Amino acid sequence: MTTSPRRIVISGCSGGGKSTLIAAMAARGFPTMAEPGREVVRAERARGGGALPWTAPAAFAETCLVRATRDFDAARAGPRPTLYDRSLVDAVAALERAGGQAGPEVLTARRYDRTVFLAPPWPDIFAADAERRHDFPAAEAEYHHLLRRYPEAGYEVVLLPKAPVPERVAFLDAALAEHCA
């Protein structure tokens, strides 16, 4: 009998520590998928492309949607769930913020595990960089959109604590055992 892969989403505020948490979980043996947005920015910059969030937000979001779909389809069943740094819901939300719209089938054709973990805004650790050029108020606005959008798409949201990485890892381990068993 073949089992379906388990897919756990970690999303939330840009600069809220998602990628750091996912890297810590990867070091503990969890399969992970990188954030589609950062992959798109790197690829677009390397090829001189224009689908960047600061110049063409709708094209960027559409490209993220393609990457997130590819990542969803790449998951394999195993003893541990695959942890996603953002998801198709994030790409749809970004497209909505850019004035676009995805068909409803985008979020119904591929479903992650019901419980989604969101990193709340955390100004103490937020930092802009070459791939994240927006400021903290833009990151907060993105978070509040996701906080509404995930439940609208049928997911249960669990907030990650603002805590050092080892405490976040322990929290996620316990939450995975409780919510995602």
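Reader: Let's start in helix H3. Where is Glu 62 placed?
Author: Glu 62 has its place in helix H3. Bear in mind that this is a predicted model.

Reader: How do you know whether Glu 62 is buried, exposed or partly exposed?
Author: Look at the relative accessible area of Glu 62, which is 45%. Buried needs under 20% and exposed needs over 50%, so Glu 62 falls in between and is called partly exposed. Along the chain Glu 62 and Leu 95 are 33 residues apart, yet 6.7 Å separates their C-alpha atoms.

Reader: Glu 62 and Leu 95 also turn up where H3 meets H4, then. Which residues make up that contact?
Author: From H3 come Ala 58, Ala 61, Glu 62, Cys 64, Leu 65, Ala 68 and Thr 69. They meet Leu 88, Ala 91, Val 92, Ala 94 and Leu 95 of H4. By class, that contact has 10 nonpolar residues, 1 polar and 1 charged.

Reader: What makes the arrangement of H3 and H4 parallel or antiparallel?
Author: Their packing angle is about 165°, and the axes are 8 Å apart. Anything over 145 degrees counts as roughly antiparallel, so H3 is roughly antiparallel to H4. The two helices cross in a left-handed sense.

Reader: And how do you know what to call the pair H2 and H3?
Author: Same routine. The axes of H2 (residues 36-47) and H3 (residues 57-74) come within 9 Å, with a crossing angle of roughly 120°. That value lies outside the 65 to 115 degree range for roughly perpendicular and is not over 145, so H2 and H3 are oblique to each other. As for handedness, H2 passes H3 in a right-handed crossing. On the H2 side the contact involves Pro 36, Gly 37, Glu 39, Val 40, Val 41 and Ala 43, while H3 brings residues including Phe 60, Thr 63, Cys 64 and Arg 67. Sorted by class, the H2 and H3 contact has 7 nonpolar, 2 polar and 4 charged residues.

Reader: Between those two helices there's Leu 52. What makes Leu 52 buried or exposed?
Author: Leu 52 lies in the loop between H2 and H3. Its relative accessible area is 9%, and the limit for buried is under 20%, so Leu 52 is buried. Beyond its neighbours within four places in sequence, Leu 52 is in contact with Val 41, Glu 44, Arg 45, Pro 57 and Phe 60. Its C-alpha atom is separated by 26 Å from that of Ala 109, which is 57 residues away along the chain.

Reader: Now the S3 to H4 loop. What is unusual about the phi of Arg 86?
Author: Arg 86 has a positive phi of about 80° and is not a glycine. Most residues other than glycine have a negative phi. You'll find Arg 86 in the loop between strand S3 (82-85) and helix H4 (88-97).

Reader: Why is Arg 86 called buried?
Author: Its relative accessibility is 7%. With buried set at under 20%, Arg 86 qualifies.

Reader: And Ser 87, how do you know if that one is buried or exposed?
Author: Ser 87 is found in the S3 to H4 loop too. At a relative accessible area of 2%, it is buried, given the under 20% cut-off. Leaving out residues up to four places away in sequence, Ser 87 touches Val 9, Ala 68, Tyr 112 and Tyr 150.

Reader: What makes Tyr 112 and Tyr 150 stand out in the largest nonpolar core?
Author: That core has 34 residues, and Tyr 112, Tyr 150 and Tyr 155 touch the most other members. Two or more residues come from each of H2, H3, H4, strand S4 (115-119) and helix H6 (136-152). H4 gives the most, with 7 residues. A separate second core of 16 residues includes Ile 8, Leu 21, Ala 24 and Leu 176.

Reader: Last one: why are H4 and H6 called what they're called?
Author: The H4 and H6 axes come within 10 Å and cross at roughly 120°. This is past the 115 degree end of roughly perpendicular but not over 145, so the pair is oblique. Their crossing is right-handed. Tyr 150 is one of the H6 residues in that contact, and Val 89 is one of those from H4. The contact divides into 5 nonpolar, 1 polar and 5 charged residues.

How values were computed:
Residues numbered from 1 in each chain as written. Predicted model: local features only at pLDDT ≥ 70, side-chain atom pairs only at ≥ 80, totals over all residues. Heavy atoms only, no water. Helix = DSSP H or I, 4+ residues; strand = E, 2+ residues; numbered from the N terminus. Buried < 20%, exposed > 50% of the residue type's maximum accessible area, 1.4 Å probe, protein only. Axes fitted to C-alpha atoms, helices over the stretch in contact; angles between N-to-C directions. Parallel < 35°, antiparallel > 145°, perpendicular 65-115°, else oblique. Left-handed = near helix turned anticlockwise from the far one by under 90°. Contact = heavy atoms within 4.5 Å. Nonpolar A, V, L, I, M, F, W, Y, C, P; charged D, E, K, R; others polar. Core = buried A, V, L, I, M, F, W, Y, C linked by side-chain atoms within 4.5 Å.
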